[in-house]
Amino acid sequence: MIRSLLRSTASRSFVCNYSSKAVPLTAETYSSKVSRNPSFKKLDETDIKHFQTILNDGNGLITDADDLLFYNEDWMRKYRGQSQLVLKPKSTEQVSSIIKYCNEQKLAVVPQGGNTGLVGGSNPVFDEIIISLSGLNKIRAFDEVSGILKCDAGLILENADNFLAEKGYIFPLDLGAKGSCHVGGNVATNAGGLRLLRYGSLHGSVLGLEAVLPDGTIYNSMESLRKDNTGYDLKQLFIGSEGTIGIITGVSILCPSRPQAFSVALLGVSSYEAVQKVFVGARKELSEILSAFEFMDRNSQVLAGQHLKLDHPIESDQYPFYILIETSGSNKEHDDEKLETFLANSMEEGLVDDGIIAQDETQLKSLWSWRESIPESSTMNGGVYKYDVSLPLKDLYGLVEAVNVKLQEAGIVGFDDPTKPVVEAIGYGHVGDGNLHLNVCVREYSKEIEKVLEPFVYEWIQSKNGSISAEHGLGFQKKNYIGYTKNDVEIKLMKELKKHYDPNGIMNPYKYI
Ligand code: FAD
Ligand code: 2HG
Ligand code: ZN
């Protein structure tokens, strides 16, 4: 039966996961993987003085060891570099002067947005200078007729969306880290998020960019039009380039009208087969109002419950799979009715075992929290190995099952057994986009676990013609594995491109390719 949700508390806002667990990948422990490029200069007092001049009297320089820690470590507290300097420019011209100097001096740099990336891309590996974009955080212009927003790259995604909400528009990207991540970081990673199903990828909605190249040149296509077929579409190179060929300083993006009505349902289903069937049905019956279709497995919900300290809205986590469906449109009554009918039909067909529909805004947020809190919940036992993969829909959950079998064979997994180093491999993600998030939740990071997981996971993905990175990027984590998804010609072209834009290799070294 369809029940309405009575309890709800968890907020949708993002909390930075800053616990005190040991960081396993530091410059000292990287030595087997990578060594510092000796052609890079080591930072000295002259450099610092020069940066102070650029940033006007030293405002925007961080050199204090305690203050540096946040920038040196990633969100999962898995990667930690040794940068001695964070620079926080406030204008594109300052970024240009900084990077030009770094290029001339062969000082390596890491561009950093909100530092919410999940592949170790936003942190230094050794002593690279961190260039934080947080000082470039203004809205530059908004055209209320076309819906085109022009903003600085360091604008926080949630701030951009709140601004647009007042104008009746929506940012065409939404993700759990929106309270911290930057619009520029989103573009640099080509983030996918929760509503890609509705609004498509940033490759489509970004209309223009401003970016500083390693030699200090400012590339500017901010005036770009919706349609413009004059030559190569250069901005596309920067979308998903993860700070390896330039620093994005401005973004021009097409924003859709904000839907007036949102409805959300959370369903319990008994098999992955049923998840796929419900997806086919949702696309057919909900068609243009369907805006998100997310799935979560049972243990992801158990962990979320422990983290949120709440009872699950559908009978105590008894279903192998859960689905979150969001619709958004212009008529709440119409959309609710459609969703209710869809849910009732799916139950009648035996595809859905239980389900609830949010009755108000608070309940809607609460239902979303059972999906959005999983990334944080996954780290709560100590750490997590994250894999973000694209697979044919039919194979999506097969990877989670295969990994759990592998961990069992190795005798290292036990959800309720604290003597085992691995809690469980859980699976969830954006079914609508064929994107699985495999999270191997661990009590501690160890070489033993890594050996079981890699290259097994990548080989499995390759055998199904999937992608080892659907939306999080390559960063440091996947640099050596790109060959599982891209062929030799593709990799060669990418390396040539990198060399062309960044001949000294100063931009985010040791990562990507
Ligand atoms: P950072 O983490 O600071 O940087 C990421 C990469 O981009 C680095 O390589 C960095 O060098 C580069 N970079 C950053 N800013 C610039 C710039 N201005 N110019 C050039 N390069 C730059 N990702 C998704 O795709 N979908 C999700 O649903 C999603 N949900 C998440 C939920 C949580 C709770 C968390 C913690 C992360 C999630 N992520 C998700 C991952 C992450 O939030 C995204 O990758 C996001 O786009 C990163 O933005 P950022 O500003 O934090 O960038
Ligand atoms: C999400 O969809 C994010 O929630 C994060 O992409 C996934 O933490 C992860 O593995
Ligand atoms: Zn995701």
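I count Ala, Val, Leu, Ile, Met, Phe, Trp, Tyr, Cys and Pro as nonpolar, Asp, Glu, Lys and Arg as charged, and the others, Gly among them, as polar. The model I examined is a predicted one.

**Entry: the shell of ligand 1**

I looked up the surroundings of ligand 1 and found 35 residues around the ligand. The closest are Pro111, Gly113, Gly114, Thr116 and Gly117. By the classes above, the shell divides into 14 nonpolar, 19 polar and two charged residues.

I then asked which elements each supply at least two residues of this shell. They are strand S6 (109-112), helix H5 (183-189) and strand S12 (247-254). Helix H5 gives the most, with four residues.

**Entry: polar contacts and burial of ligand 1**

I noted two distances from oxygen atoms of the ligand to polar backbone atoms: 2.7 Å to glycine 113, and 3.2 Å to glycine 121. For a nitrogen atom of ligand 1, I found a backbone N or O atom of glycine 193 at 3.2 Å. Ligand 1 taken alone exposes 970 Å², and the protein buries 97% of that.

**Entry: the zinc ion**

I next asked which residues coordinate the zinc ion (ligand 3). The donors are His430 (NE2), His437 (NE2) and Glu471 (OE), at 1.8 to 2.1 Å. Along the chain I read their spacing as H-x6-H-x33-E.

Histidine 430 and glutamate 471 link distant parts of the chain, 41 residues apart. I placed histidine 430 in strand S18 (residues 422-430), and glutamate 471 in the loop between helix H16 (456-463) and helix H17 (488-501). Buried or exposed? I found both histidine 430 and glutamate 471 to be buried.

Terms used:
Residues are numbered from 1 along each chain as its sequence is written. Chains are lettered from A and ligands numbered from 1 in the order in which they are written. This is a predicted model: local features need pLDDT of at least 70, side-chain atom pairs count only at pLDDT 80 or more; totals for chains, interfaces and linings use all residues. Side-chain values use heavy atoms; hydrogens and water are left out. A residue is near a molecule or strand if one of its heavy atoms lies within 4 Å of it. A polar contact is a pair of N or O atoms within 3.5 Å; within protein, one must be able to donate a hydrogen and the other to accept it, and residues adjacent in sequence count only if both atoms are side-chain atoms. Accessible areas come from the Shrake-Rupley method with a 1.4 Å probe; for residues, only the protein chains shown count as cover. Donors are N, O and S atoms within 2.8 Å of the metal (3.2 Å for Na, K and Ca); water is not among the atoms, so sites may look incomplete. Buried means under 20% relative accessible area, exposed over 50%, partly exposed in between (1.4 Å probe, protein chains only).
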